[in-house]
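Colleague: Could you walk me through this one? I have the sequence and the coordinates open and would like to go over a few spots.

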Amino acid sequence: MDCDVCVIGSGAGGGPVALTLAEAGYSVVVLEKGPWFTEKDFFKDEIACCRRNTYTRNLLEEFHVVEERASNKAWVAKPTYDSSWDFWNGNMVGGSSNLMSGFFHRLKPKDFRLLSEFGAIEGANVVDWPIGYDDLEPYYSKVEQVVGISGRVVNHPNQEPRSTQNFPFAPTAEHPIASWFDEACQREGLHSVPVPRAILPQRGLGREGCQYSGYCGSYGCSTGAKGSSRAALLDRAVASGHCDIRSNSHVYRLDSDASGRVVTANYYDEGGSAETVRADIFVVACQAIETCRLLLLSRGPRHPHGLANKHAQVGKNLLFSAGGAGTGSFFYDRLDPDKAAALKVRGPFVNRALQDWYFINNDEMGRMKGGTIEFLFRHPNPIGRANAQKWGSDGLLWGQALKQKLKSYFTEARYLRFEVFCDWLPNDNCNVSLDENLKDKWDSPVARIKIGNHAHDLKVGRYLTRKGYQMLKAMGAENASWGISGKPPANLIAGGCRFGTDPRRSVLDPNCRAHDAENLYVTDGSFMPTGGSVPYTWTIYANAFRVADNILTELGGVRQTIPISP
Amino acid sequence: MIHRVEDQSGGESLLEDSSLGNRLGRRTFLLGSGAALATAAALAGLPYALRKDLTREVSFALFSTQQRQALRAVQEHLFPSEADSPGAADINAAAYLETAITAPGIDPDTRNTVVNGIGRLQDASRERFDVLFNSLDYEQREQLLRYLADETRWGRAWLSLLLYYVFEALLSDPVYGGNPDEIGWRWLEHQPGFPRPPADKTYGSL
């Protein structure tokens with residue numbers, strides 16, 4: 001045996017397990033396909049960050065096949081090297097949590113029992129979770145302490161119950177526009193929700209605080225303030241002396257024995273040679289799509305159709321986040337000089353959301369699940385912003401017309417955005433399978449992602465997006481616009497290995513152990529049967545800590561070790 | 001988060017400037033390009049090894065003098081220097097483009113699209129005016145480029161791609177060779193983030 005526990009994937013699902021078990025004295029090997037960057041490698045460099053594939057795979061070498069409905073309703077499949085899709089969200093130690101914005105929200109108690117609370121929806125596979133909010137609450141609290149979540153609890157109608165009164169860290173510095181938002185909420189009778197962030201406002205937990213450089217989402221954090229799995233958890237796990245992180249290690253198959261137990265992880269190391277890790281327990285956390293793919297690729301004597309896939313549930317009920325978005329302009333010359341100067345401030349965060357319609361109950365819509373509206377400034381990346389200006393109403397712009405538009409766009413206003421998060425209903429047209437024809441550079445079949453959305457999502461998304469638009473108007477924004485879509489944001493992925501009590505209808509048991517492979521766990525967002533209406537990361541962290549505690553119990557608790565004298 | 005949004009005019013746009021996502025989709029700017037689309041279609045479905053062979057890096061002196069002059073002239077037409085604002089000539093746009101598309105790891109289709117576009121431009125210039133692009137006067141250049149952008153799919157994609165690289169030369173960190181003395185940032189009153197990338201930690205060396 002090479003180690004007690006082998007964790008595949010080092011993001012928000014893998015980090016809590018590695019930390020918990022390594023600190024309890026168990027030997028942990030983490031296999032991560034991407035490189036190991038640290039704070040010293042992260043700069044505010046739009047080219048490296050956002051215009052080239054520094055943090056993601058070369059799509060000619062590793063890609064997905066995406067199947068979606070064309071305008072004539074026929075399903076059309078295309079590899080991502082031939083489309084604008086890219087489902088790699090951050091292949092490196094710590095995963096995409098390095099690049100997140102860290103908008104952290106808990107699920108609400110009713111999110112754990114959508115079927116019971118709101119009833120069935122035709123064409124959607126809505127189920128209750130096998131655990132309740134109370135089971136996860138202690139771990140939401142733990143994440144606040146361990147990952148480091150800053151914020152401020154206010155009383156609002158959809159505030160979820162908490163076991164602690166407030167956040168362990170005060171909110172990050174807030175932009176003056178946050179108070180404009182609060183004032184507009186007061187006028188409109190809405191409840192301004194200060195958004196908790198996985199960002200340390202000042203030094204703490206052995207990490208530096210935020211520098212407020214104004215570039216956060218999409219960028220790796222240069223100070224360690226952002227609570228990535230790497231900065232917050234894996235660095236500590238390594239420091240315990242019991243965690244070995246192998247970067248540039250691409251796992252291509254898990255082997256299982258005649259009893260169905262997983263025995264070996266097979267991977268290619270940085271030089272491309274095939275290596276193995278043997279362990280007592282295997283934990284898969286590669287983000288939902290690649291987790292499903294790895295299980296499907298891992299056939300064995302007891303798993304002829306892929307690991308834990310006895311009832312053909314692996315890959316089913318893939319989730320994204322539904323919703324819409326909008327933008328409004330605040331022109332400096334329409335404001336008094338003090339307000340204009342305040343608006344120009346760069347760095348601090350907006351940190352505001354609306355959850356007044358997290359649950360909807362009115363004549364217009366009836367009683368249904370709603371969602372969250374998150375407010376933020378348009379991302380400052382200048383190349384991306386400039387490129388978005390090149391199309392005019394009569395086609396491509398250039399020359400003086402283009403330059404005047406750029407000058408005006410960059411210097412005359414600030415742009416407030418909102419993004420709507422609502423449930424992506426699980427359905428039979430949204431899933432992951434293995435593509436029958438195309439293989440990646442490792443000669444493994446790539447994941448085929450079928451993206452079908454439920455019409456109900458658009459209805460809810462439209463309702464919330466209009467509310468966001470009205471909020472922008474209430475704040476005095478001009479040129480406000482909004483849009484909705486049935487196409488998912490590629491960075492909000494969950495489901496595909498839902499947990500449940502019935503092995504015929506779920507992949508994992510309530511502890512996220514595979515129903516039919518006793519030493520296999522899945523701890524990324526794959527376990528979620530329904531997604532809730534917030535970004536997933538906090539819930540993934542919390543659940544992974546919960547599962548880690550269960551694994552620890554199974555292993556016999558904290559291992560008594562004999563201290564080694566220096 | 002990258003939300004794909006159908007805008008109110010009914011078309012689909014990618015609202016890419018957002019909380020988490022800001023990557024330019026690999027082929028977003030190539031869609032509709034005859035060259036890239038044809039290449040992509042030809043490559044789709046081939047086994048990995050064959051596709052890799054077809055798209056393998058070839059080493060050659062990328063542009064002839066004539067091509068280089070044409071590219072420079074197009075860039076300067078698209079993004080002219082003015083008394084109060086920098087143009088392509090002021091931001092090293094030509095050299096930037098050449099460096100960018102020959103960098104290791106850059107999609108060969110992008111490189112091919114840029115190079116093939118110059119040939120197509122010259123064909124169109126000869127067809128309409130009997131001379132190469134650089135021999136055209138300002139009005140003829142405008143007329144030709146407008147025709148290519150409005151009436152040809154490859155032309156629209158090609159010019160859009162050239163503009164994209166002009167924006168990179170204008171607004172990327174000066175460590176990459178464009179935006180000298182932060183001239184682009186100063187013009188647009190853009191405040192860069194920090195820490196800024198040192199020369200040994202840029203794309204390609206990470």
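Modeller: We can go through the fold of chain B, some helix contacts, a sheet and a few backbone details. Please keep in mind that this is a predicted model.

Colleague: Okay, chain B to start with: how many helices and strands are there in it?

Modeller: Chain B has eight helices and two strands, and read from the N terminus the elements run β-β-α-α-α-α-α-α-α-α. The chain has 206 residues, of which 41% count as buried.

Colleague: And among contacts in chain B between residues at least 6 apart in sequence, what share joins residues at least 24 apart?

Modeller: For that set of contacts in chain B, the share is 54%.

Colleague: How do α3(B) and α5(B) cross, roughly parallel or roughly perpendicular?

Modeller: The axes of α3(B), residues 65–78, and α5(B), residues 108–129, come within 10 Å and cross at roughly 80°. Angles of 65 to 115 degrees count as roughly perpendicular, and the two helices are therefore roughly perpendicular to each other. On the α3(B) side the contact is made by B:Q67, B:A70, B:L71 and B:V74, while α5(B) brings in B:I118, B:L121 and B:Q122. By residue class, that contact divides into five nonpolar, two polar and no charged residues.

Colleague: What about α4(B) and α7(B), at what angle do their axes cross?

Modeller: The axes of α4(B), residues 93–102, and α7(B) cross at roughly 105° and come within 9 Å, and these helices are therefore also roughly perpendicular to each other. Here B:A93, B:Y96, B:L97 and B:A100 of α4(B) meet B:Y165, B:V166, B:E168 and B:A169 of α7(B). The residues of this contact divide into seven nonpolar, no polar and one charged.

Colleague: Switching to chain A, in what order do the strands of that four-stranded sheet sit?

Modeller: The order is β4-β3-β20-β19 in chain A, the sheet is open, and its pairing is mixed. β4, residues 75–79, and β19, residues 431–439, stand at the edges with a single partner strand each, so one side of each is left without a neighbour in the sheet. Direction ignored, neighbouring strands of this sheet are turned by 30° against each other on average.

Colleague: In which sense do β19(A) and β20 of chain A pair?

Modeller: β19(A) pairs with β20, residues 445–450, in the antiparallel sense over five bridges. To find the register on your screen, look at A:L434, whose bridge partner in β20(A) is A:A447.

Colleague: I also had A:V193 marked; where does it lie, and is it buried or exposed?

Modeller: A:V193 lies in strand β5, residues 192–194, of chain A. With 26 other C-beta atoms within 10 Å, A:V193 is buried, because 20 or more is the cut-off for that label.

Colleague: Which residues is A:V193 in contact with?

Modeller: Leaving aside neighbours within four places in sequence, A:V193 is in contact with A:V154, A:H156, A:R352, A:A353, A:L354 and A:Q355. A:H156 is 37 residues away from A:V193 along the chain, yet their C-alpha atoms are separated by 7.7 Å.

Colleague: Any backbone oddities I should look at?

Modeller: As background, most residues other than glycine have a negative phi, and most peptide bonds are trans. A:N351, in the loop between α8 (337–344) and β12 (352–354) of chain A, has a positive phi of about 55° although it is not a glycine. B:D181 likewise has a positive phi, of about 50°, without being a glycine, and it lies in the loop between α7 (153–171) and α8 of chain B.

Colleague: Are those two buried or exposed?

Modeller: A:N351 is buried, with 26 other C-beta atoms within 10 Å, whereas B:D181 is exposed, with 10 other C-beta atoms within 10 Å.

Colleague: And which peptide bond is cis?

Modeller: The bond from B:F194 to B:P195 is cis, with omega near 0°, and B:P195 is found in the segment after α8 (183–187) of chain B.

Colleague: Last one, how many residues of α12(A) are buried?

Modeller: In α12(A), 14 of the 19 residues are buried, so the helix is largely enclosed by the rest of the structure. At 1.5 Å a residue, this helix, residues 537–555, should span 27 Å, and its end C-alpha atoms are 27 Å apart, which agrees. A:G556 follows α12(A), and its phi is positive, near 110°.

Notes
Residues are numbered from 1 along each chain as its sequence is written. Chains are lettered from A and ligands numbered from 1 in the order in which they are written. This is a predicted model: local features need pLDDT of at least 70, side-chain atom pairs count only at pLDDT 80 or more; totals for chains, interfaces and linings use all residues. Two strands pair if DSSP finds at least two bridges between them. Axes are lines fitted to C-alpha atoms, for helices over the stretch in contact, and angles run from 0 to 180 degrees between N-to-C directions. A residue is buried if 20 or more other C-beta atoms lie within 10 Å of its own, exposed if 12 or fewer, and partly exposed in between; C-beta atoms are placed from the backbone. Two residues are in contact if their C-beta atoms, placed from the backbone, lie within 7 Å. Angles under 35 degrees count as roughly parallel, over 145 as roughly antiparallel, 65 to 115 as roughly perpendicular and the rest as oblique. Ala, Val, Leu, Ile, Met, Phe, Trp, Tyr, Cys and Pro count as nonpolar, Asp, Glu, Lys and Arg as charged, and the others, Gly among them, as polar. The expected span of a helix is 1.5 Å times one less than its number of residues.
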